[in-house]
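Reader: I have a structure to go through for my course, and I would like to take it slowly. Could you show it to me and help me read it?

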Protein chains: 2
Amino acid sequence: MFSKSCEYAIKASIFIAQHRDGVTCVGVKEIAKGIQAPEYFVAKIIQELSRKKAINSIKGPNGGFCMSEAQMKKPILDIVVLMDGDGLVNNCILGLEHCSSDNPCPMHHEYQKIKQSMRNMLENNTVADFKSLVNLKKAVLNTN
Amino acid sequence: MFSKSCEYAIKASIFIAQHRDGVTCVGVKEIAKGIQAPEYFVAKIIQELSRKKAINSIKGPNGGFCMSEAQMKKPILDIVVLMDGDGLVNNCILGLEHCSSDNPCPMHHEYQKIKQSMRNMLENNTVADFKSLVNLKKAVLNTN
DNA sequence: ATAATAAAAGATATTAATGTCTTTTATAGT
DNA sequence: ACTATAAAAGACATTAATATCTTTTATTAT
């Protein structure tokens, strides 16, 4: 479904959003622990998110990562597309280059609805939405 | 979504089913051409399908691959599970080891419906179903 | 200015997926 | 028996994903 990079990116975004109190940032180490993912790998990924303006970073002492309200209100789809591209919500499930209702692969019609609901799910839910669930202890980001 | 191996396995199964006239088999070369996939790679994959009894193979002159009615009536999910395991219809979308409605990841509830419809789609459609679409020219297995 | 901190960037390592080629085995037809 | 055919099996190659480590840059606090 998602690549590991994308999984980590989603979880890291939610974790960063969750720890936003408007003042302090959260560092790579804490993020990696919080989402149970390898530290150096997470570092790479959130650097990329930062470069692509999905999150903010601050260097030096007391530095780290944080998100603006605007960034938190972005749909999760944005994160997914940044990491994995839009294949999940656009491509043919059987990998046909040109698959459409005119020229469908055998699974096209069956898959259309699923692809659409996947797209809706990713478009209609923001980082903030998922952050709230975690804050309310209605969801978790790790298995501890 | 699916691995390349799984994509090829699904397309190859449908292709083999489609060419079944009860008498002759279809060879690797023809299959690979028919589904626009690398010949040697397809060979590996259908060998695996054969070993796992999803298709039959016959060695020697006029040999090749074919499927029984029973094999054609298996849901596509069987092929998917043989190639990629059951992660797609069972695992957490964020990769949590223990994700359930009791202890959900942030996306769990949103994803449940989608995972279920994916499972239904793969369980309720057989190789024969998709084969029919191709035979009726209502679907294609390649982009030529 | 200097030292400490933490991200950015770059280099390297490991593993898994994908793809290709060669040799072996089974079978059919002569 | 011999030859041709085609899958089976095994070895090898390439690429992409995942993971780790080192060096550099920016910033803060002393």
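Author: Let us begin with one term: a residue is near a molecule or strand if one of its heavy atoms lies within 4 Å of it. Please also keep in mind throughout that this is a predicted model.

Reader: Okay, so how many residues surround DNA strand C, and which are the closest?

Author: DNA strand C is surrounded by 27 residues, and the closest come from both chains, namely Lys44(A), Gln47(A) and Ser57(A) together with Phe41(B) and Pro61(B).

Reader: Which parts of DNA strand C do the atoms within 4 Å of the protein belong to?

Author: Sugar or phosphate accounts for 59% of those atoms of DNA strand C, while the rest belong to bases.

Reader: Which polar backbone atoms should I look at around DNA strand C?

Author: You could start with Val28(A), where a polar backbone atom is 3.3 Å from a phosphate oxygen of DNA strand C, and then go to Pro61(A), where a polar backbone atom is 3.4 Å from a base oxygen of that strand. On the other chain, a backbone N or O atom of Lys4(B) lies 2.9 Å from a phosphate oxygen of DNA strand C.

Reader: And which elements give two or more residues to that surface?

Author: From chain A they are α3, β1 (56–58) and β2 (64–66), and from chain B they are α1 (4–18) and α3. The largest share of the surface near DNA strand C comes from α3(A), which gives four residues. Sorted by class, this surface has nine nonpolar, 12 polar and six charged residues.

Reader: Switching strands, which residues are closest to DNA strand D?

Author: Around DNA strand D there are 27 residues, with Phe41(A), Pro61(A), Lys44(B), Gln47(B) and Ser57(B) as the closest. The largest share of the surface near this strand, four residues, is given by α3(B).

Reader: What does Tyr8(A) do with its side chain there?

Author: A polar side-chain atom of Tyr8(A) lies 3.4 Å from a phosphate oxygen of DNA strand D, and a backbone N or O atom of Lys4(A) lies 2.9 Å from a phosphate oxygen of the strand. A base oxygen of DNA strand D is also 3.4 Å from a polar backbone atom of Pro61(B).

Reader: What rotation superposes chain A on chain B?

Author: A rotation of 180 degrees does it, with 0.0 Å of shift along its axis and an RMSD of 0.0 Å. The two copies are therefore related as by a two-fold rotation axis. Within chain A, Met1(A) has the C-alpha nearest that axis, at 2.3 Å. Both copies use the same surface, since 100% of the contact residues of chain A recur in chain B.

Reader: New topic: how much space lies in the largest pocket?

Author: It holds about 350 Å³. Its lining has 20 residues, and those nearest the centre are Glu7(A) from one chain and Gly87(B), Leu88(B), Asn91(B) and Cys92(B) from the other. Two elements of chain B, α5 (76–84) and α6 (87–90), give two or more residues to this lining, and α6(B) gives the most, with three.

Reader: And what volume does the second largest pocket have?

Author: The second largest pocket has a volume of about 270 Å³. It is lined by 16 residues, of which Gly87(A), Leu88(A), Asn91(A), Cys92(A) and Met1(B) are the closest to its centre. By class, its lining divides into nine nonpolar, four polar and three charged residues.

Terms used: Residues are numbered from 1 along each chain as its sequence is written. Chains are lettered from A and ligands numbered from 1 in the order in which they are written. This is a predicted model: local features need pLDDT of at least 70, side-chain atom pairs count only at pLDDT 80 or more; totals for chains, interfaces and linings use all residues. Side-chain values use heavy atoms; hydrogens and water are left out. Copies are superposed by least squares on the C-alpha atoms of residues with pLDDT of at least 70 in both. Contact means heavy atoms within 4.5 Å. A polar contact is a pair of N or O atoms within 3.5 Å; within protein, one must be able to donate a hydrogen and the other to accept it, and residues adjacent in sequence count only if both atoms are side-chain atoms. Ala, Val, Leu, Ile, Met, Phe, Trp, Tyr, Cys and Pro count as nonpolar, Asp, Glu, Lys and Arg as charged, and the others, Gly among them, as polar. On a 1 Å grid over the protein atoms alone, a cavity is a set of points where a 1.4 Å probe fits but cannot get out, and a pocket is an open set with protein on both sides within 12 Å along at least five of seven lines; lining residues have an atom within 4 Å of a point. Grid points are joined across faces, edges and corners, and a volume is the space filled by probe spheres set on the points.
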